[in-house]
Amino acid sequence: HYGNHKSTDMEPTKTRRGTIKDCRMGYALSMSMLLLPYIPHAHVTPLGMIDLDKPYKKPRPVFDSTFRASDAGFAINDWTNKKTEPPVNFAKSFKKYLHWVWNMRISYPHEEIYPIDNDMSSGFCHVKYNPNLVAMHSYIVYGILYMSTGQTFGDTGSPGNFDAIPLARQQVAMHLWHQEDIIADAEQYTPAIEIAPAPQSAAIA
């Protein structure tokens with residue numbers, strides 16, 4: 001009866017596209033609403049949308065994990081505590097990256113710097129929920145029932161638990177980089193990187 005946040009109706013096409021994308025990537029399941037009364041422990045949560053009008057960001061569904069269906073009920077975030085979750089580090093990543101670029105420019109003032117981009121799409125959904133928790137992360141958009149299979153953008157525990165995966169990947173990358181034969185071993189798995197031609201003196205001036 002509560003419904004979703006008003007932001008879901010501001011751009012219906014973008015909202016529908018965002019929910020379908022999660023299903024296509026395996027981060028949510030879609031099904032008929034007729035199944036809802038027969039699913040044990042189902043908890044339908046209101047959904048919102050952000051970044052609807054930003055040209056460089058795709059719209060992202062926001063899961064309102066603070067929602068309580070009744071005064072006697074619990075919200076998903078009532079079952080978690082930030083004090084027991086891992087620390088969040090990714091918020092400082094961009095600043096650390098800028099420091100690295102700055103120091104790199106000082107060390108190589110006349111060389112071109114080629115930063116290699118990394119794909120962070122759907123980062124919050126990399127960690128999958130236990131199957132017993134999937135029904136608890138249900139939401140309804142335009143008459144279709146969805147269930148999140150991975151971490152939602154709205155759970156208290158999502159940022160801290162999501163952050164552990166990139167940190168582990170970072171440590172593995174650092175370890176592999178210091179192996180003497182890593183470039184030869186990894187060459188068969190990596191695409192060819194084409195370096196742009198060096199700029200002319202007139203362009204630099």
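Leaving aside its neighbours within four places in sequence, which residues is threonine 152 in contact with? In this predicted model, the partners of threonine 152 outside that sequence window are Phe63, Ser65, Tyr129, His137 and Ser158. Threonine 152 itself lies in the loop that runs between strand 5 (144-148) and helix 4 (158-177), and it counts as buried because its relative accessibility is 5%, where buried means under 20%.

A second residue, tryptophan 100, has its place in helix 2 (residues 93-107), and with a relative accessible area of 44% it is partly exposed. Together with Phe94, Tyr97 and Leu98, Trp100 makes a nonpolar surface patch of about 440 Å². The two residues are set side by side below.

| Residue | Relative accessibility | Class |
|---|---|---|
| Threonine 152 | 5% | buried |
| Tryptophan 100 | 44% | partly exposed |

Strand 5, which precedes the loop of threonine 152, also belongs to an open sheet of 3 strands, arranged in the order 1-5-4 with antiparallel pairing. The edge positions are taken by strand 1 (28-32) and strand 4 (138-141), each of which pairs on one side only, and from one strand to the next the twist averages 30 degrees. Strands of a sheet pair through backbone hydrogen bonds, in either a parallel or an antiparallel sense. Here, strand 1 and strand 5 are joined in the antiparallel sense over 5 bridges, and methionine 31 stands opposite leucine 145 of strand 5.

Terms used. Residues are numbered from 1 along each chain as its sequence is written. This is a predicted model: local features need pLDDT of at least 70, side-chain atom pairs count only at pLDDT 80 or more; totals for chains, interfaces and linings use all residues. Side-chain values use heavy atoms; hydrogens and water are left out. Patches are made of residues with over 30% relative accessible area and no salt bridge: like charges are joined within 9 Å, nonpolar side chains (Val, Leu, Ile, Met, Phe, Trp, Tyr) within 5 Å. Accessible areas come from the Shrake-Rupley method with a 1.4 Å probe; for residues, only the protein chains shown count as cover. A salt bridge is a side-chain nitrogen of Lys or Arg within 4 Å of a carboxyl oxygen of Asp or Glu. Helices (H or I, at least four residues) and strands (E, at least two) are DSSP runs, numbered from the N terminus. Buried means under 20% relative accessible area, exposed over 50%, partly exposed in between (1.4 Å probe, protein chains only). Contact means heavy atoms within 4.5 Å. Two strands pair if DSSP finds at least two bridges between them. Axes are lines fitted to C-alpha atoms, for helices over the stretch in contact, and angles run from 0 to 180 degrees between N-to-C directions.
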